[in-house]
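Take a walk through this structure, one part at a time. Keep the sequence and the 3D view side by side as you read.

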Amino acid sequence: NCVCSNTLDNITFMATPIHDVIILGTGPSGLTAALYTGRATLKPLVLHGNTPGGQLTTTTEIENFPGFENGIDGNELIDTMTKQAQRFGAEFKYGEVKEVDFTSQPLRLKTLDTEFLTRTLIISTGARPRKLGLESEEKYWSKGVTSCATCDGFFYKGQDVCVIGGGDSAMEEANFLTRMCKKVYLIHRRDKFRASKIMADRAFKNEKIEILYNTGIEEILGDGKKVTGVRIKDVENGTTRDIVLQGVFLAIGHIPNTGVFRDKITCDEEGYIITEAHSTKTNVPGVFAAGDCQDHTFRQAITAAGTGCMAAIEAERYLEALGQ
């Protein structure tokens with residue numbers, strides 16, 4: 001099927017194909033959706049932006065994705081998942097969506113130079129960690145700087161680390177890290193936490209946690225290969241000092257990559273796409289959301305893959321109901 005449109009001279013006609021399913025994003029959720037829709041012979045088109053593979057491609061070793069006894073490099077996992085989806089007919093193209101129109105079928109997506117039409121859309125654009133904005137932070141990302149204690153905490157067994165943040169996530173990460181780390185510095189720019197009382201109390205009572213209020217991170221220190229410490233600054237008097245440690249965990253929030261959709265589908269105040277309970281359905285028929293763009297709780301590769309599977313199955317059922 002196609003939609004035909006003529007050029008200004010009314011002579012040349014161009015056919016725009018209508019896809020059964022387009023998937024946005026090539027992280028675990030998007031690639032799992034591509035695999036499932038591919039095996040369902042839906043010929044999915046997968047569009048990716050400037051960072052194909054998402055956050056996993058910045059992870060050097062993944063030990064908690066099932067099926068890899070000795071762990072696997074993030075890039076290798078994404079590459080393997082991509083090839084698996086391609087084996088079943090998934091097509092991959094570069095295309096950063098700038099505009100969408102969900103007011104009618106087929107759904108319309110526009111990149112800088114191309115319009116795409118599709119009967120169903122799976123949004124799996126992920127989320128990115130909120131960062132400090134330091135050059136040294138980028139230099140040592142995945143070399144001692146991370147944003148996931150559940151993913152990476154085990155690598156710092158018996159070592160000293162810090163958690164940066166003052167909300168519930170920071171309290172949870174700090175407490176979790178005390179299970180394997182020798183000491184955890186909990187660093188916050190303000191004079192009190194914004195975390196709930198119950199979460200803050202757990203941090204206060206944990207003997208392995210040292211709390212540093214009114215403290216900012218001036219620099220992340222390292223030897224060129226890995227983190228060796230942080231330079232902290234007292235925001236009240238401006239004094240600085242260095243702390244020797246091996247891991248820096250950011251817990252200052254995530255930013256869902258959903259900007260282009262925020263006035264088109266229902267999102268929460270942070271921009272996460274809202275889906276129906278036990279489903280990936282959004283408020284727009286034929287549009288589904290999977291992975292970290294709709295999950296601000298777990299943010300794991302395996303849970304993202306699970307919702308990618310759900311989205312694929314729900315898209316397939318939606319197409320069946322349309323008679324496609």
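What follows covers two sheets, some aromatic rings, two charges over rings and one pocket.

Remember first that this is a predicted model.

Start with the sheet of five strands. It is open, its order is β9-β16-β10-β11-β12, and its pairing is parallel. Its edge strands are β9 (145-146) and β12 (209-212). Each of these edge strands pairs on one side only. Now look at β10 and β16. They run parallel, and four bridges join them. One position to find there is Val163, whose bridge partner in β16 is Phe249. Keep Phe249 in mind, as it comes back below.

Move to the other sheet. Three strands form it, in the order β13-β14-β15. This sheet is open too, but the pairing is antiparallel. At its edges are β13 (215-222) and β15 (240-244), and each has a partner on one side only. From one strand to the next, the twist averages 25 degrees. Strand β14 covers residues 227-234. It pairs with β15 in the antiparallel sense, over five bridges. For a single contact in this pairing, find Arg231: its bridge partner in β15 is Asp242.

Next come the aromatic rings. A pair of rings is described by two values, the distance of the centres and the angle of the planes. The count here comes to five aromatic pairs. One of them joins Tyr156 and Phe249. Their centres are 5.5 Å apart, with 75 degrees between the planes. That angle makes the pair edge-to-face, because planes over 60 degrees apart count as such. What does this pair tie together? Tyr156 lies in the loop between α4 (149-152) and β10 (160-164), while Phe249 lies in strand β16 (residues 247-250). The pair therefore ties together parts that are 93 residues apart in sequence. Are the two rings' residues buried or exposed? Tyr156 is buried, at a relative accessible area of 11%. Phe249 is buried as well, at 0% relative accessibility.

Another edge-to-face pair is formed by Phe288 and Tyr318. Here the distance is 6.3 Å centre to centre, and the planes are 75 degrees apart. Phe288 sits in strand β18 (residues 287-289) and Tyr318 in helix α7 (residues 301-322), so this pair links parts 30 residues apart in sequence. Phe288 has a relative accessible area of 2%, so it counts as buried, the limit being under 20%. Elsewhere, Phe193, Phe204 and Tyr213 make up one aromatic cluster.

Charges also meet rings. Arg39 lies over the face of Phe88, 5.5 Å from the ring centre. Arg39 belongs to helix α1 (residues 28-39). Its relative accessibility is 56%, so it counts as exposed, the limit being over 50%. Compare Arg39 with Ala301: the two are 262 residues apart in sequence, and their C-alpha atoms are 21 Å apart in space. A further charge over a ring involves Lys131, whose charged end sits over the ring of Trp141, 4.2 Å from its centre.

Finish at the second largest pocket. Its space is about 240 Å³. How many residues line it? The lining has 17 residues. Leu132, Ile164, Arg189, Thr215 and Ile252 lie nearest the centre. Which element gives the most to this lining? It is β13, with four residues. That brings you back to an edge strand of the antiparallel sheet.

Terms used. Residues are numbered from 1 along each chain as its sequence is written. This is a predicted model: local features need pLDDT of at least 70, side-chain atom pairs count only at pLDDT 80 or more; totals for chains, interfaces and linings use all residues. Side-chain values use heavy atoms; hydrogens and water are left out. Two strands pair if DSSP finds at least two bridges between them. Helices (H or I, at least four residues) and strands (E, at least two) are DSSP runs, numbered from the N terminus. Axes are lines fitted to C-alpha atoms, for helices over the stretch in contact, and angles run from 0 to 180 degrees between N-to-C directions. Rings of Phe, Tyr and Trp (its six-membered ring) pair if their centres lie within 6.5 Å; planes under 30 degrees apart count as stacked, over 60 as edge-to-face and the rest as tilted. Buried means under 20% relative accessible area, exposed over 50%, partly exposed in between (1.4 Å probe, protein chains only). A charge sits over a ring if NZ of Lys or CZ of Arg is within 6 Å of the ring centre and within 35 degrees of the ring normal. On a 1 Å grid over the protein atoms alone, a cavity is a set of points where a 1.4 Å probe fits but cannot get out, and a pocket is an open set with protein on both sides within 12 Å along at least five of seven lines; lining residues have an atom within 4 Å of a point. Grid points are joined across faces, edges and corners, and a volume is the space filled by probe spheres set on the points.
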